[in-house]
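Thanks for asking me to look this one over. Here are my notes, with the model first.

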Amino acid sequence: MKKEKAVVVFSGGQDSTTCLFWAMERFAEVEAVTFNYGQRHKLELECAADIAKELNVKHHILDMSLLNQLAPNALTRDDIAIEQKEGELPSTFVDGRNLLFLTFAAVLAKQIGAKHIVTGVCETDFSGYPDCRDVFIKSLNVTLNLSMDYPFVIDTPLMWLNKAETWELADKLGAFQFVRERTLTCYNGIMADGCGHCPACLLRKKGLDDYLVKREQGGTR
Ligand SMILES: [Zn+2]
């Protein structure tokens, strides 16, 4: 693995930043790709760019504004509230987003001679996004390999982790403080521990609290 090159799908959030550290430990060369799809908060892109710069990782920002044209949603539009009704997908859902992102990441990966595509998708805290499921990733992996006749490997280090275990992974990679302080997960565009009340902050905080309890009890470091 140490000789190989990887592209990390990178948003500047907790999950993808943890994946970036994971990839840097594992692969000889790592580059990051961020998709600009008209995020509500420009800070998200700045945050991603800052992290990549600090970690000395080459950073590609690809324009995906067409996504908002196809599927206006709460991640990009101020006039759509972030909410999840019982039994429905959250209003942040964009049909086919991971399908598109991973496909574009693969085109880039092949161009720069990278075999591995690393993504922070996760089935454990499943919020109903069908293209975050393991079965979808495996299916797409086969499709990408056939479509470009190239031996891509999609790596999903977070697939079966809960949020507490994702914090634990960051800690094992020596990146706990960095991930806690430098990433942006909050839907209201506040870095680090965030606004504290949006769905993304609540999920992140619960995982963090669970992990901190575990770390204190068991000395997992
Ligand atoms: Zn928040």
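Is Q14 buried or exposed? The points below start there and work outwards.

1. Q14 counts as buried, because it has 27 C-beta neighbours inside 10 Å. The cut-offs are these: 20 or more other C-beta atoms within 10 Å means buried, 12 or fewer means exposed, and anything in between is partly exposed, with C-beta atoms placed from the backbone. Please keep in mind that this is a predicted model, in which local features need pLDDT of at least 70 and side-chain atom pairs count only at pLDDT 80 or more, while totals for chains, interfaces and linings use all residues. Residues are numbered from 1 along each chain as its sequence is written.

2. Q14 sits in helix α1. Leaving aside residues up to four places away in sequence, it touches T166, V179, T183, T185 and R204; contact here means C-beta atoms, placed from the backbone, within 7 Å. Helices are DSSP runs of H or I with at least four residues, strands are runs of E with at least two, and both are numbered from the N terminus.

3. Helix α1 also meets helix α6 (residues 163-172): their axes come within 10 Å and cross at roughly 35°. Axes are lines fitted to C-alpha atoms, for helices over the stretch in contact, and angles run from 0 to 180 degrees between N-to-C directions. Q14, D15, T18, F21 and W22 of α1 make the contact with T166, L169 and A170 of α6.

4. A few places before Q14 comes a residue worth a look, F10, in the loop between β1 (5-9) and α1 (14-26). F10 is buried because 30 other C-beta atoms lie within 10 Å. Its contacts, not counting residues up to four places away in sequence, are S16, L20, A32, V33, T34 and A48.

5. V33 leads us to strand β2 (residues 29-36), which is largely enclosed by the rest of the structure because six of its eight residues are buried. β2 pairs in the parallel sense with β1 over five bridges, and with strand β3 (residues 58-63) over six bridges, again parallel. Pairing requires at least two DSSP bridges between the strands. V33 stands opposite V9 of β1, and its bridge partner in β3 is H60.

6. Finally, the record: an unreviewed UniProt entry has a "binding site" annotation covering F10, S11, G12, G13, Q14, D15, S16, T17, T18, C19 and L20. UniProt positions are given in the numbering used here, feature names are shortened, and annotations may be inferred rather than shown by experiment.

Terms used. Two residues are in contact if their C-beta atoms, placed from the backbone, lie within 7 Å.
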